[in-house]
Amino acid sequence: MKSSRTTRLAKVVALTSSIALLAAGCSSGASKDAAQPASADNPVTLTVTTFGTQGLDPLYKQYEKDNPGVTIEATNIDTGGNALTDWKTKQAAGAGLPDVQAVEEGWLGQVMTVSDSFTDLNEYGASDISGDWVDWKVKQATDADGRIIGYGTDIGPMGLCYNSKLFKAAGLPSDRDKVAELFGGEDATWDDFFSVGEDYVKKADKAFYDQSGFVWNAMVNQLDEGYYTADGSLNIDSNAELRQRWDQLSDAASKGLSSGQTQWDWGKGQAFVDGSFAVMPCPGWMLGNVKGQVEGAGGNVSDGWDFADVFPGGPANWGGAFLTVPSTSKHPAEAAKLAQYLTNAASQATSFEEAGAFPSNLEAQKSKAVTGENDLTKFFNGAPIGEILGHRAEGVKAQYKGADDSVIQEQVFGPATIAIDKGTDGEAAWNSALSTLQELEIK
Amino acid sequence: MRRRHLRGRLDFKFSPYLYISPFFVLFALVGLFPLIYTFVVSINDWELLGGAGDWVGLDNYKAELASPLFWNSLLNTFSIFLLSAIPQLVVATFIAAMLDQNIRAKTFWRMSVLVPYVVTPVAVTLIFSTAFDEKYGLINNLLGALNLDTIAWKTDVFPSHMAIATMVNWRWTGYNALILLAAMQAVPRELHESAAIDGAGAIRRFFSITLPSIRPTMIFVIITATIGGLQIFTEPKLFNPSSSVPGGPDRQYQTTVLYLWDLAFNRGDFGRASAVAWMLFLIIIVIGVINFLISGTIASSSDKQKSRRFATRKGKK
């Protein structure tokens with residue numbers, strides 16, 4: 001009796017659950033003909049996932065107009081960090097990835113560990129047009145087997161943002177060419193940078209730069225070999241250059257050069273207008289952030305921010321993105337065509353006008369839209385931003401980024417730079433960074 | 001005739017199972033399956049991007065139990081949990097007792113305590129994290145104006161736990177108060193009246209009648225507060241949203257759920273993260289059972305008191 005009751009119960013459960021499963025079962029209609037190019041008779045929907053402000057929205061509309069049958073469904077995720085989580089989750093699940101996925105330079109190391117899950121764009125003519133971009137951008141997107149997995153969008157060549165009013169008040173030159181000279185011009189070194197800083201701190205009795213984290217990013221990014229050697233092994237403990245730069249930075253922080261601000265927060269922009277600090281290493285995309293922070297705190301042009309054509313330690317790049325085509329895409333040819341369109345010279349010039357994303361496309365870098373005047377140049381006291389960034393992009397080298405590069409940058413050296421800003425001595429902070437490295441079991 | 005009778009009986013017997021099955025089917029799909037799947041992941045060397053690796057048995061659990069970061073996260077979770085749960089429940093019970101009194105504009109007061117709960121946690125956290133900002137925050141500005149030392153709310157361990165517990169308390173106290181109030185309303189007024197006639201004051205009545213009578217609700221509130229407290233995520237995640245390490249640069253307030261999120265999505269170690277998830281699950285069960293036992297003994301001892309009192313009263317008569 002008892003057993004029959006349980007079997008009947010089991011039947012009921014089985015029945016109901018199969019109903020539920022039937023209801024949930026998806027009706028995956030196969031695409032009409034993936035190989036055929038899109039046309040009005042063969043409509044194709046392409047999904048695109050981007051993040052931050054990449055200024056692509058007007059381009060989608062234009063592309064739809066020029067290519068009948070193509071519908072673009074674009075998703076923009078607020079920050080690169082959230083986009084990374086989104087991409088990783090979908091990549092891990094093996095489903096849900098868009099036809100065109102934007103990838104940040106900072107996570108390229110992780111992307112490259114699964115580079116075979118992206119379409120090799122060489123199959124769609126990437127090798128013929130790879131000369132359109134700065135060479136190191138293409139090199140970054142090329143994996144060990146020579147597959148090109150992404151078209152470059154923007155890049156982040158670095159110059160120096162400085163506050164001309166504060167410089168003037170401290171008796172330093174405030175004109176942007178003189179400031180570039182003050183920092184050493186073409187041969188600017190970090191020693192020059194920090195000695196100007198000490199001078200400024202003495203004269204103005206205020207901190208020089210906002211916090212050590214961004215300075216450290218720049219210092220590491222411009223080395224030939226950063227946290228990893230070019231052949232992919234961890235390179236921190238025995239990296240003499242890295243250690244030497246760390247000592248330089250912690251020495252500067254101990255002398256009061258750092259204002260110890262919270263990264264990406266700056267007291268909701270207050271620190272940009274209350275004179276807390278006078279310089280900041282600025283990749284192209286940071287300029288829009290500076291403007292936003294100043295305006296968010298109620299400031300404007302008269303607060304005196306300017307942009308100088310100089311960078312300590314030589315050319316450096318921070319950030320930038322790529323448009324990739326995950327191999328799960330059902331329309332790789334159409335997706336590659338769209339990615340190519342979104343990154344061609346005219347499109348990149350439009351993105352720059354829209355969002356200040358500095359082009360990696362050589363022709364776009366020279367276009368009027370980039371070198372001319374816009375809201376940003378007005379905000380930065382008329383600085384020829386496009387020209388300066390084009391100049392700053394010369395000579396950048398593509399540093400090898402390992403799989404855990406971003407984890408090391410953020411979780412190992414992030415806390416360490418905060419520690420030296422708060423007064424921990426450089427040696428102790430370095431050692432605690434090494435022990436964090438061990439706790440995180442990074443190899 | 002007989003056939004219809006049989007169908008009626010079958011209907012009577014099995015329909016209820018059919019009616020409740022949607023929940024259980026859903027539970028099996030989105031509750032039980034993930035739980036089991038998480039366990040399977042946790043006994044494999046599973047990379048988020050690389051996918052399933054080798055079978056490693058309980059190695060992930062052993063590695064986590066040996067990891068100082070795991071213990072740090074547990075310590076933080078318990079510290080924040082105790083700092084929030086205890087004051088929260090005490091204050092909620094007090095507020096509920098006050099609202100249970102005969103006051104004017106009852107609905108207004110009762111609804112106002114629920115307002116914080118309606119505000120989304122993200123908004124709450126943004127407001128509080130601005131107030132607790134170290135350089136520009138409201139609270140440190142006030143302290144500075146009073147010539148007191150400012151507090152490193154986001155850097156020092158204990159102040160950061162206090163700040164996060166404040167957010168949790170602000171949000172949940174009113175919610176718990178309303179639930180307790182509902183239970184108090186159900187306590188028969190006659191009990192209070194007869195106690196009052198017997199000469200028991202308000203405080204005596206609260207401890208001897210109100211508290212024992214709302215025992216089941218109290219247990220419910222304590223258990224839900226425990227589960228919520230041990231799973232805390234949003235508040236510490238958004239307390240310093242610009243920190244690249246979730247839970248503070250030095251993991252000062254990295255709770256266990258934040259830690260497992262960090263493990264899974266920043267460090268890409270799915271196996272270890274799943275092991276942490278399972279250990280947290282077991283911890284919550286253990287704490288839940290302990291809570292249940294403790295609250296059970298407290299309430300039943302007062303039950304005994306009550307029945308003894310009734311007995312003596314009867315005896316007197």
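Among contacts in chain A between residues at least 6 apart in sequence, what share joins residues at least 24 apart? In this predicted model, the share comes to 77%. That is a good place to begin with chain A, whose secondary structure amounts to 21 helices and 7 strands. Its C-alpha trace spans about 90 × 60 × 45 Å along the principal axes. Of the 443 residues in the chain, 54% count as buried. Chain A exposes about 18,800 Å², and carbon and sulfur atoms supply 50% of that area.

Let us pick one helix of chain A and follow it from end to end. Helix α15(A) covers residues 345–355, and its buried residues are A:Ala345, A:Ser347, A:Gln348, A:Ala349, A:Ser351 and A:Phe352. What lies over them? The cover includes α2 (57–66), β4 (150–163), α14 (332–342), α16 (362–365) and α17 (368–371) of chain A. At the N-terminal end, A:Asn344 acts as the cap, with a side-chain oxygen 3.3 Å from the backbone nitrogen of A:Ala346. After the helix comes A:Gly356, which has a positive phi, near 75 degrees.

Now to the charged side chains. Side chains of opposite charge can pair when their charged atoms come close. Over all chains, the structure holds 19 salt bridges. One of these joins A:Lys291 to A:Glu295, at 3.7 Å from N to O. The two residues are 4 apart in helix α13 (residues 284–296) of chain A, so about one helical turn separates them. A:Lys291 counts as buried because its relative accessibility is 19%, under the 20% cut-off. A:Glu295, in contrast, is partly exposed at 39%. Elsewhere in chain A, salt bridges link A:Glu198, A:Asp251 and A:Lys255 in a network.

Chain B offers a pair of its own. B:Lys62 forms a salt bridge with B:Asp59, and their closest N and O atoms are 3.8 Å apart. These residues are 3 apart in helix α2 (residues 59–65) of chain B, so they too are separated by about one helical turn. B:Lys62 is exposed, with a relative accessibility of 57%, while B:Asp59 is partly exposed at 41%.

How do the two chains meet? The size of an interface is often given as the accessible area lost when the parts come together. Between chain B and chain A the buried area is about 2,900 Å², with 62% of it from carbon and sulfur atoms. Chain B brings 31 residues to the contact and chain A brings 38. Across the interface there are 11 residue pairs in polar contact, counting pairs with both residues at pLDDT 80 or more. On the side of chain B that touches chain A, the elements giving two or more residues are α1, α3 (68–99) and α13 (256–266). Of these, α1(B) gives the most, with 6 residues.

The count of salt bridges between chain B and chain A is 2. In one, the side chains of A:Lys422 and B:Glu134 meet at 3.5 Å from N to O. Another salt bridge pairs A:Glu441 with B:Arg272, whose closest N and O atoms are 3.0 Å apart. A:Glu441 lies in the segment after α21 (426–439) of chain A and B:Arg272 in helix α14 (residues 270–316) of chain B, so this pair joins two chains. A:Glu441 is partly exposed, at 38% relative accessible area, whereas B:Arg272 is buried, at 6%.

Helix α1 of chain B deserves a second visit. B:Tyr17 sits in this helix, which runs over residues 2–42. With a relative accessible area of 40%, B:Tyr17 is partly exposed. This tyrosine belongs to a nonpolar surface patch of about 1,000 Å², whose other members include B:Leu18, B:Phe23, B:Phe27, B:Leu32 and B:Val40.

We can finish in the loop between α12 and α13 of chain B, where B:Thr255 is found. Is B:Thr255 buried or exposed? B:Thr255 is buried, because its relative accessible area is 0%. Leaving aside its neighbours within four places in sequence, B:Thr255 is in contact with B:Ser73, B:Thr77, B:Ile80, B:Ile232 and B:Pro236. B:Pro241 also has its place in the loop between α12 (234–239) and α13, but this proline is partly exposed, at 48% relative accessibility. The C-alpha atoms of B:Pro241 and B:Phe265 are separated by 16 Å, and the two residues are 24 apart along the chain.

Definitions and conventions. Residues are numbered from 1 along each chain as its sequence is written. Chains are lettered from A and ligands numbered from 1 in the order in which they are written. This is a predicted model: local features need pLDDT of at least 70, side-chain atom pairs count only at pLDDT 80 or more; totals for chains, interfaces and linings use all residues. Side-chain values use heavy atoms; hydrogens and water are left out. Patches are made of residues with over 30% relative accessible area and no salt bridge: like charges are joined within 9 Å, nonpolar side chains (Val, Leu, Ile, Met, Phe, Trp, Tyr) within 5 Å. Accessible areas come from the Shrake-Rupley method with a 1.4 Å probe; for residues, only the protein chains shown count as cover. A salt bridge is a side-chain nitrogen of Lys or Arg within 4 Å of a carboxyl oxygen of Asp or Glu. Buried means under 20% relative accessible area, exposed over 50%, partly exposed in between (1.4 Å probe, protein chains only). Contact means heavy atoms within 4.5 Å. Buried area is the accessible area (1.4 Å probe) that two parts lose on being put together, summed over both. A polar contact is a pair of N or O atoms within 3.5 Å; within protein, one must be able to donate a hydrogen and the other to accept it, and residues adjacent in sequence count only if both atoms are side-chain atoms.
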